[in-house]
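Hi,

Here is the structure I promised to pass on, with the sequence alongside. Have a look at it first, and then read on for what turned up.

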Amino acid sequence: MKKQLVVVLGLIVSLGLVLIMATQLVGEKVGPVAEGQRAPGFAATTLDQTPVRRTLDDYRGQVVLLNVWATWCGPCRVEMPSIQRLHKQLSPEGLKVVAVAVDDVGNEQKIRDFVAGMGLTFDILHEPSGKIERDWNAMGIPSTYVLDRSGTIRRMVRGSTEWDDASTVAFVRGLLADGATK
């Protein structure tokens, strides 16, 4: 009985050490992405003939609406017109809209066709590996995040919504006004 207790205690201590080491290795990525937290980074490419790599650092100091979406996503198709209207209304005031398509590799033309068909004029990027979904804890798409100028997540919406409703416009305008002289 005493031997079994020693073995069980040894296993518990070993498991605890493994968890501590894993936490040290993973660092900030342990835990969910949440409002009030600093946004994790991302890397995605433009849909240009010669794709250009973009990261969250390219948008540093700006209020950003980051939308994670796909061409095959019905709710994404429903909300895109309201994102375009929000972009048209608030981009002159400084809002940066960035939509990252998570379609598989080889679907770049399909994404371009979707963008043209919807008349989208904001930044469209492509990240087919699934990394942005994992890093941003996007539990389904669309998943959208509004970031303030410091890169802090101020609003998260999972699923489709009307992005140009009065309360959202007022919220984003408040972020744009906060620190506008920075």
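Before the hairpin, a word on terms: two strands count as paired if DSSP finds at least two bridges between them. Please also keep in mind that this is a predicted model.

Now to the hairpin itself. Strand E6 covers residues 143-147 and strand E7 covers residues 153-158; the two run antiparallel and are joined by five bridges. Within this pairing, Tyr145 sits opposite Met156 of E7. Five residues lie between the strands of the hairpin, and Gly151, in the turn, has a positive phi of about 85°.

Tyr145 also leads us to the inside of the protein. The largest nonpolar core has 49 residues, and Tyr145 is among those that touch the most other members, along with Phe42, Leu66, Trp69, Leu95, Ile124 and Trp136. Both hairpin strands, E6 and E7, supply at least two residues each to this core, as do strands E3 (64-69), E4 (96-101) and E5 (123-126) and helices H2 (74-90), H3 (108-118) and H5 (166-177).

If you want one residue to click on, try Phe42. Not counting neighbours within four places in sequence, Phe42 is in contact with Arg54, Thr55, Leu56, Tyr59, Leu66, Val98, Leu125, Ile132 and Trp136.

Finally, the cysteines. How many disulfides are there? The count is one: Cys73 is linked to Cys76, with 2.4 Å between the sulfur atoms. The link is right-handed, with 80° about the S-S bond, and both Cys73 and Cys76 are buried.

Happy browsing!

Definitions and conventions
Residues are numbered from 1 along each chain as its sequence is written. This is a predicted model: local features need pLDDT of at least 70, side-chain atom pairs count only at pLDDT 80 or more; totals for chains, interfaces and linings use all residues. Side-chain values use heavy atoms; hydrogens and water are left out. Helices (H or I, at least four residues) and strands (E, at least two) are DSSP runs, numbered from the N terminus. A nonpolar core is a set of buried Ala, Val, Leu, Ile, Met, Phe, Trp, Tyr and Cys residues joined through side-chain atoms within 4.5 Å. Buried means under 20% relative accessible area, exposed over 50%, partly exposed in between (1.4 Å probe, protein chains only). Contact means heavy atoms within 4.5 Å. A disulfide is a pair of cysteine sulfur atoms within 2.5 Å.
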